[in-house]
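Trainee: I should like to learn how the features of a protein model are read. May we take them one at a time?

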Amino acid sequence: MDTITIVAAVIAGLVGIGAGYYLREFFLQRATDDLKSRAKEIISEAEKRSNEIEIQARDKSLEILRQAEAEVNNRRQKLNQEEDRLGARRTSLDDRADRLENLEQRLSKRQGSLDRRANEVKEMHDSQVQRLEQISQMTRAEAADQLLREAETEARNDMARIIRQVEAEAREEGQRRARELIAMAIQRVASEHVNDITTSTVALPSDEMKGRIIGRAGRNIRTFEQMAGVDVIVDDTPETITISCFDPVRREVARRSMERLILDGRIHPAHIEKIINQELAEIERVIEEAGETAAYDAGVAGLPKGITRVLGRLKYRTSYGQNQLSHAVESSRLAAILAAELGADIDVAKMGGLLHDLGKAIDHNVEGTHAGIGADLAKRNGLPQAVVNAIASHHHEVEQETVEAVIVEAADAISGARPGARRESLDDYIKRIKSLEDLAKSFEGVEESFAIQAGREVRIIVKPGDIDDLGATRMARDVAKKIEENMQYPGQIKVTVIRETRATDYAK
């Protein structure tokens, strides 16, 4: 039973396997037939597409071939034209080369002729040079040196003449413009000056008052001199005593005190001390008011109290008889006008003009020049640097840094040099005139010198054999420069050099 079952099962399996194999072969064959059919269709389509592409490629290649042939024909035509042009150019160059060769041959012949002529000219030149040297008894080098010396002399003469002409034109134009500015400035600034000197005179009601001023054994006058710091001169001048002191403030205190004592009539040491102390306090108040008034008159605002107090002391200081406070106010106004005309800083110019002589108020107590003292005082009180420089440089002790400093210097000179502004003593005047003449005589070739016009002009007569016209021009400049360096004077000094040549003969 079991054997039969097994056999049946084996047979059934074999049958199933056979059926499966048959079915697989059937399906494989069917799939193969479908793929072959599909492959045939694809191959047919590809052949059809390749035929189309081949036709298009053949057409394209034919078109390119036609274009290439046309391009080749065009370039061949251009090359033919270029070859024709080059041929014509070559022919032209050949003709030109022939002409140049002929020209070169002619130039060679001409050069030979010129060389021969040049040799002949050189021989003639050498011969003429030798003949000229024999005639002039000079070599070529000596003649060249003499010619150079003559040319140098002529050039120097021309240069001096041109310099003199330019200086004259510049001086004329500068003087004209300066006169206009100065005249306008002075016309707009009119101020009066109180001329003081270093001594003060007090009038007495009678000569008996001299004895009361001197006192018993001279105690009154000694007390007065010690308290006021002045010298009281009681001489033979009727009804007059003189107070002398280098400090103008102390001199003014003494003068006012003496006048009060004379009016009061009580003259003894205790009362003298009281009056002098009162007048000293009063003078300090007057000085402060004078400084503030001067600043107001000049139009300068914002000055420190220390500056106005020192400025007021200039009320009692003079220079060549010119009151220094009035001079400061006038200089400030002049500087303001000049600054306005020249387009400079008016405020700086006004302040610099007002304070330029500030150091003169304390120069007897402090060492140094009044310009340096005033500049240092202005700097310590915080004034602008431009103002400090204008004060310090108005006598060229330091370099002028601004145009306002130059304007302040000019305003100072205008105020001091204008007619009637200053005066000097007879002794000082004679000394200055003598020094001016001696300085001019110190130059070589000067025969005589004369100071004229109150010392504002010096005329120098030179020896005509020693000094020529150009030398006279140079001497005038040198003398003026030496005067500037060695002398102090108000205003300006004109230097005139006179050279006179006289020829004398007699008719027989």
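The dialogue below moves from the whole chain to pairs of helices and then to single residues.

Mentor: Please bear in mind that this is a predicted model. Let us begin with the chain as a whole.

Trainee: How many helices and strands does the secondary structure of the chain come to?

Mentor: The chain holds 14 helices and 8 strands. Of its 508 residues, 30% are buried. Among contacts with a separation of 6 or more, 62% join residues 24 or more positions apart.

Trainee: How does one describe two helices that pack together?

Mentor: Two packed helices are described by the angle between their axes and by the distance between those axes. Take helix α6, residues 269-298, and helix α8, residues 324-342: their axes come within 9 Å and cross at roughly 20°. The two helices are therefore roughly parallel to each other, since angles under 35 degrees count as such. The crossing in which α6 passes α8 is right-handed.

Trainee: Which residues of α6 and α8 make the contact?

Mentor: From α6 come A290, A294, D297 and A298, and from α8 come L325, V329, S332 and R333. By class, the residues of this contact divide into 5 nonpolar, 1 polar and 2 charged.

Trainee: At what angle do α4 and α6 pack?

Mentor: They pack at an angle of about 25°, and their axes are 9 Å apart. That makes α4 roughly parallel to α6. Here too the handedness can be stated: α4 passes α6 in a right-handed crossing. On the α4 side the contact is made by R219, N220, T223, F224, M227 and A228, and on the α6 side by P269, I272, E273, I276 and N277. This contact of α4 with α6 has 6 nonpolar, 3 polar and 2 charged residues.

Trainee: How should one read the buried residues of a single helix?

Mentor: An α-helix has 3.6 residues a turn, so residues three or four places apart point the same way. In helix α10, residues 370-380, the buried residues are H370, A371, I373, G374, A375, L377 and A378.

Trainee: Against which helices do the buried residues of α10 pack?

Mentor: They pack against α7, residues 305-312, and α11. After α10 comes G382, whose phi is positive, near 80°.

Trainee: What is the general expectation for phi?

Mentor: Most residues other than glycine have a negative phi. A217 is not a glycine, yet its phi is positive, about 60°. A217 is placed in the loop between α3, residues 208-214, and α4, residues 219-228. H396, also not a glycine, has a positive phi of about 60°, and H396 is found in the loop between α11 and α12.

Trainee: Is A217 buried or exposed, and is H396 buried or exposed?

Mentor: A217 is exposed, with a relative accessible area of 67%. H396 likewise counts as exposed, at 52% relative accessibility.

Trainee: Where does H394 lie?

Mentor: H394 lies in the loop between α11, residues 385-392, and α12, residues 403-417. H394 is buried, with a relative accessible area of 2%, and buried means under 20%.

Trainee: Which residues does H394 touch, not counting residues up to four places away in sequence?

Mentor: With those neighbours left out, H394 touches H356, D357, H370, A371, V408, E409 and D412. Two of these, H370 and A371, are among the buried residues of α10. In addition, a polar atom of the H394 side chain lies 2.7 Å from the backbone oxygen of I391.

Conventions
Residues numbered from 1 in each chain as written. Predicted model: local features only at pLDDT ≥ 70, side-chain atom pairs only at ≥ 80, totals over all residues. Heavy atoms only, no water. Axes fitted to C-alpha atoms, helices over the stretch in contact; angles between N-to-C directions. Helix = DSSP H or I, 4+ residues; strand = E, 2+ residues; numbered from the N terminus. Parallel < 35°, antiparallel > 145°, perpendicular 65-115°, else oblique. Left-handed = near helix turned anticlockwise from the far one by under 90°. Contact = heavy atoms within 4.5 Å. Nonpolar A, V, L, I, M, F, W, Y, C, P; charged D, E, K, R; others polar. Buried < 20%, exposed > 50% of the residue type's maximum accessible area, 1.4 Å probe, protein only. Polar contact = N/O pair within 3.5 Å; in protein donor to acceptor, adjacent residues only side chain to side chain.
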